[in-house]
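Here are a few short exercises to work through with the model open in your viewer. Try each task yourself before you read the solution below it.

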Amino acid sequence: MKSHEVLTLIEEITRNDGTKYFEISNMVQNGRAELAAQRGLIKEVRILQLNIPRSTSVIEYEKYINENFEMPGEKFDHFEEWTRTDKINKIVKQILAENHIS
């Protein structure tokens, strides 16, 4: 079953190797990332911006995420990084620019 999540925030995730990336997410997924950090599956997650505007870019990314990924339950043993196509990477960069991040 795919997700039907509304994406409302921007977070920065630090992988265990120290590299970082930005994700457009929501409080549920952020909670899962915090749990992943506690379990040592990622190094850290921090919210950079809450309540981002629902731009056409956010809606398009949200549609992509909901069609391709499921939000994990609380009993997970790995952290799934949402993979992106080139087109989706451009959309994420647009969202970050719209919100004055990066």
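**Exercise 1. Work out the strand order of the open sheet of three strands, and find which strands stand at the edges.**

Solution. This is a predicted model, so please read every step with that in mind.

Step 1: The order of the open sheet is 2-1-3, and its pairing is antiparallel.

Step 2: Strand 2 (20-25) and strand 3 (44-50) each have a single partner strand, so they stand at the edges and one side of each has no neighbour in the sheet.

Step 3: On average, neighbouring strands of this sheet are turned by 25° against each other, direction ignored.

**Exercise 2. Follow strand 1 (residues 9-14) and name bridge partners on strand 3.**

Solution. As background, the strands of a sheet pair through backbone hydrogen bonds, either parallel or antiparallel.

Step 1: Six bridges connect strand 1 with strand 3 in the antiparallel sense.

Step 2: Going along strand 1, Ile-10 has Gln-49 of strand 3 as its bridge partner, and Glu-11 has Ile-47.

Step 3: Now turn to strand 2, which runs antiparallel to strand 1 and is joined to it by six bridges. Here Ile-13 has Tyr-21 as its bridge partner.

Step 4: The hairpin of strand 1 and strand 2 has five residues between the strands, and Gly-18 in this hairpin takes a positive phi near 95°.

**Exercise 3. Decide whether the two faces of strand 1 are covered or open.**

Solution. Step 1: Count the buried residues: six of the six residues in strand 1 are buried.

Step 2: Sort them by side. Leu-9, Glu-11 and Ile-13 are buried on one side, and Ile-10, Glu-12 and Thr-14 are buried on the other.

Step 3: Both faces of strand 1 are therefore covered, since buried means under 20% relative accessible area.

**Exercise 4. Describe the surroundings of Ser-25.**

Solution. Step 1: Locate Ser-25 in strand 2.

Step 2: Its relative accessible area is 0%, so Ser-25 is buried.

Step 3: Leu-9 is 16 residues away from Ser-25 along the chain, yet their C-alpha atoms are separated by 5.3 Å.

Step 4: Leaving aside neighbours within four places in sequence, the contacts of Ser-25 are Leu-7, Thr-8, Leu-9, Glu-11 and Asn-30.

**Exercise 5. Find which residues of the largest nonpolar core touch the most other members, and which elements supply the core.**

Solution. Step 1: The core has 17 residues, and those touching the most other members are Ile-10, Ile-24, Tyr-61, Ile-65 and Ile-95.

Step 2: Helix 2 (56-68) and helix 3 (86-98) are the elements that give two or more residues to this core. Helix 3 provides the largest share, five residues.

Step 3: Separate from this core is another one of eight residues, including Ile-13, Ala-36, Phe-76 and Phe-79.

Step 4: For a closer look at Ile-10, leave aside its neighbours within four places in sequence. Its contacts include Glu-23, Ile-24, Ile-47, Leu-48, Ile-52, Ile-95 and Ile-101.

**Exercise 6. Classify the aromatic pair of Tyr-61 and Tyr-64 and place it in its cluster.**

Solution. Step 1: A search of the whole structure gives three aromatic pairs. In one of them, Tyr-61 and Tyr-64 are 6.3 Å apart centre to centre, with 25° between the planes.

Step 2: Planes under 30 degrees apart count as stacked, so this pair is stacked.

Step 3: Tyr-61 and Tyr-64 are three residues apart in helix 2, so about one helical turn separates them. Both are buried.

Step 4: Ring pairs link these two tyrosines with Phe-69 and Trp-82 into a cluster.

Step 5: For a ring with a charge over its face, look at Phe-76: Arg-39 lies over it, at 4.8 Å from the ring centre.

**Exercise 7. Find where Asn-51 and His-100 lie, and decide whether each is buried or exposed.**

Solution. Step 1: Most residues other than glycine have a negative phi.

Step 2: Asn-51 has a positive phi, near 55°, and lies in the loop between strand 3 and helix 2. Asn-51 is exposed, with a relative accessible area of 65%.

Step 3: His-100 also has a positive phi, of about 60°, and sits in the segment after helix 3. With a relative accessible area of 75%, His-100 is exposed.

Definitions and conventions. Residues numbered from 1 in each chain as written. Predicted model: local features only at pLDDT ≥ 70, side-chain atom pairs only at ≥ 80, totals over all residues. Heavy atoms only, no water. Core = buried A, V, L, I, M, F, W, Y, C linked by side-chain atoms within 4.5 Å. Buried < 20%, exposed > 50% of the residue type's maximum accessible area, 1.4 Å probe, protein only. Helix = DSSP H or I, 4+ residues; strand = E, 2+ residues; numbered from the N terminus. Contact = heavy atoms within 4.5 Å. Pairing = 2+ DSSP bridges. Axes fitted to C-alpha atoms, helices over the stretch in contact; angles between N-to-C directions. Phe/Tyr/Trp six-rings, centres within 6.5 Å; stacked < 30°, edge-to-face > 60°. Lys NZ or Arg CZ within 6 Å of the ring centre and 35° of its normal.
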